[in-house]
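Here are some friendly notes to read alongside the structure. They are meant for someone opening it for the first time.

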Amino acid sequence: MCAELLPERITLDEWGYPVIDPEPIPRSLLDHARRAAQACPTFALLLERDQD
Amino acid sequence: MSGSPSLTSESPTLMDETPAGREPAGLRPAPTPTLPRLLAGLESHEAMSLDDHLAIHGDIALHRGRGRAREGEHLIEEIEHSGLRGHGGGGFPVARKLRAVAGARGRPIVVVNAAEGEPASQKDRTLLQTLPHLVIDGGLLCANALGAREVIICVCESELSSQETVARAIDERRRMPGAGRLAELTLATAPSGYVAGQESALVNHLNGGPAKPTFTPPMPFQQGVRRRPTLVNNAETLAHVALIARHGAHWFRELGTEAQPGSALITISGALAHPGVYEIEYGAPLNSLIAAGGGLTSGARAVLLGGYAGAWLGAEYLDELILSEEHLGPHGATLGAGIVLLLSEAACPVAETARVARWLAEEGAGQCGPCVNGLDALALTVEAIAAGGVNAARCNQRISRLGGLVYGRGACAHPDGAVRFITSAARTFAAEFADHAEHGPCDACNRPSELPLPAGAGRGGSTRIPGARP
């Protein structure tokens with residue numbers, strides 16, 4: 001599900017688990033990222049603010 | 001274990017006054033900066049009594065009330081200057097952890113982690129069975145520094161000897177004058193699984209949950225056992241604290257290296273005359289440890305450093321290896337929880353790797369898809385190589401790819417360690433892997449295993465590879 005909501009940063013491995021691109025999320029993708037994190041049924045995704 | 005002359009110790013350096021009710025400690029010569037330190041005074045495999053412990057190491061007063069905060073900060077500073085890092089495999093700076101717990105809200109609790117899940121490690125059970133009071137001292141000192149009122153000592157549920165010696169040591173402490181003013185000591189058991197000794201897994205277990213790691217906040221130092229800030233330290237780490245409190249950071253740093261000061265307990269086993277737990281100083285050559293262990297019993301094919309979360313290096317490295325993270329890191333290896341295993345030339349490294357890889361896959365907590373699937377896929381690949389009739393290059397690629405896919409994608413470091421173990425095996429034993437891929441099992445495949453696993457793990461006492469010649 002998250003890979004569909006944020007294909008720019010999330011791909012799926014051969015078992016269907018998300019592989020996250022570590023590139024920071026630009027403002028244009030922020031809403032999509034938030035939705036992807038919220039949609040996770042196991043709360044496995046966290047949207048973190050980079051301190052730099 | 002290395003036999004040793006007793007070391008005498010100087011009187012407590014951190015305390016302004018002698019403990020009430022005890023004779024003032026007389027001046028004793030300062031301890032010499034040599035080994036053994038933790039293992040000093042050990043003359044048998046019996047647990048050292050409290051009296052003997054105090055005679056060898058001297059007493060440490062643990063004050064409550066007015067002096068405690070100053071004393072606590074002094075201890076944390078001393079530990080900081082010593083450079084002491086955790087001995088459970090993580091190597092986290094101990095002072096930093098203490099400060100994190102001290103800074104959290106609520107009354108802290110101290111957990112002594114002796115849930116030694118690594119099959120090739122014996123150091124923690126050795127400490128609990130022979131030197132429980134060193135470990136208890138460390139726990140009480142940290143409790144005192146943090147204002148904690150409880151110290152929970154966690155032992156594997158299958159380790160009955162350790163439970164017995166710890167229970168008796170706790171009893172000796174309770175009968176001492178002034179015991180009521182100190183933190184309460186309790187013994188708890190933990191499941192014997194490989195990941196059960198991981199810090200958050202242990203805390204979850206103590207809270208009545210499963211012994212499975214978590215990585216979502218809060219961390220144990222903020223909210224752990226009963227939602228209290230929890231200090232979880234390896235048993236050996238606390239034994240070092242007990243000596244640093246007595247002799248100071250400067251003394252501690254007289255052994256070891258600048259980057260990795262102090263001494264450490266190493267479990268060395270395999271093709272060695274006298275396998276066991278030895279105390280080394282960091283930076284010692286592997287050869288000196290092998291010599292202390294009576295030398296190799298047969299040719300060594302390879303050395304496994306760091307246990308099943310560690311890495312293999314070929315025998316050609318034996319003469320040059322130094323026991324420090326600084327030296328081993330560039331080799332892609334680590335000491336982990338202080339484990340060295342020498343695989344004999346007679347063993348089949350492919351069969352051994354396959355067996356342990358399968359066990360590692362089974363020992364995961366089952367929480368994280370990449371670990372559950374990835375470690376199984378890795379084990380299947382190594383098993384396929386062992387059974388033969390596969391393309392070696394393709395299998396190696398698969399191992400590489402799976403390794404990259406699994407590493408860092410679990411809630412704990414278990415998959416990372418398994419990946420390191422398996423990929424370093426594929427690299428170190430490239431010729432044997434290629435040979436098995438093409439020709440299938442070798443004569444050595446069904447030999448009794450040299451890599452230890454808990455009783456009942458795998459397929460009995462030796463590796464059963466389908467199609468192996470009897």
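1. Let's begin with a helix pair in chain B of this predicted model. Helix H12(B) and helix H14 (residues 414-428) of chain B have axes that come within 10 Å and cross at roughly 15°. Angles under 35 degrees count as roughly parallel, and H12(B) and H14(B) are therefore roughly parallel to each other. Their crossing is left-handed.

2. Which residues make this contact? From H12(B) come B:Pro370, B:Cys371, B:Gly374, B:Leu375, B:Leu378 and B:Val382, while H14(B) supplies B:His414, B:Pro415, B:Ala418 and B:Ile422. Sorted by class, the contact of H12(B) with H14(B) holds eight nonpolar residues, two polar ones and no charged ones.

3. H12(B) has another helix to look at. The axes of helix H12 (residues 369-387) and helix H13 (residues 392-406), both of chain B, come within 10 Å and cross at roughly 165°. That angle makes H12(B) roughly antiparallel to H13(B). H12(B) passes H13(B) in a left-handed crossing.

4. If you would like to trace this second contact, look on the H12(B) side for B:Pro370, B:Cys371, B:Gly374, B:Leu375, B:Ala377, B:Leu378, B:Thr381, B:Ala384 and B:Ile385. They meet B:Cys395, B:Arg398, B:Ile399, B:Leu402, B:Leu405 and B:Val406 in H13(B). The contact of H12(B) with H13(B) has twelve nonpolar, two polar and one charged residues.

5. Now to the sheets. Strands of a sheet pair through backbone hydrogen bonds, either parallel or antiparallel. In chain B, one open sheet has four strands in the order S3-S2-S1-S4, with parallel pairing. Strand S3 (184-190) and strand S4 (230-234) of chain B stand at its edges with a single partner strand each, so one side of each has no neighbour in the sheet. From one strand to the next, the twist averages 25°.

6. Within that sheet, strand S1 (residues 109-114) of chain B pairs with S4(B) in the parallel sense over five bridges. A handy place to see the pairing is B:Ile109, which stands opposite B:Thr230 in S4(B). Do look at helix H8 (residues 235-252) of chain B as well: H8 lies across S1 and S4 of chain B and runs at about 95° to S4(B).

7. Chain B also has an open sheet of five strands, in the order S6-S5-S11-S8-S9, and here the pairing is mixed. Which strands stand at the edges? They are strand S6 (276-281) and strand S9 (311-314) of chain B; each has a single partner strand, so one side of each is left without a neighbour in the sheet. Neighbouring strands of this sheet are turned by 30° against each other on average, direction ignored.

8. For a close look at one pair in the five-stranded sheet, try strand S8 (residues 300-305) and strand S11 (residues 339-344) of chain B, which pair in the antiparallel sense over five bridges. There B:Leu304 stands opposite B:Leu341 in S11(B).

9. Finally, chain A. How many helices and strands are there in chain A? There are two helices and two strands, and along the sequence they follow the pattern α-β-β-α. The C-alpha trace of chain A spans about 35 × 20 × 20 Å along its principal axes. For 52 residues, a compact globule would have a radius of gyration near 10 Å, and the 11 Å of chain A agrees with that.

Conventions:
Residues are numbered from 1 along each chain as its sequence is written. Chains are lettered from A and ligands numbered from 1 in the order in which they are written. This is a predicted model: local features need pLDDT of at least 70, side-chain atom pairs count only at pLDDT 80 or more; totals for chains, interfaces and linings use all residues. Two strands pair if DSSP finds at least two bridges between them. Axes are lines fitted to C-alpha atoms, for helices over the stretch in contact, and angles run from 0 to 180 degrees between N-to-C directions. Angles under 35 degrees count as roughly parallel, over 145 as roughly antiparallel, 65 to 115 as roughly perpendicular and the rest as oblique. A crossing is left-handed if the near helix is turned anticlockwise from the far one by less than a right angle, and right-handed if clockwise. Two residues are in contact if their C-beta atoms, placed from the backbone, lie within 7 Å. Ala, Val, Leu, Ile, Met, Phe, Trp, Tyr, Cys and Pro count as nonpolar, Asp, Glu, Lys and Arg as charged, and the others, Gly among them, as polar. The radius of gyration is taken over C-alpha atoms; the globule rule is 2.2 Å times the number of residues to the power 0.38.
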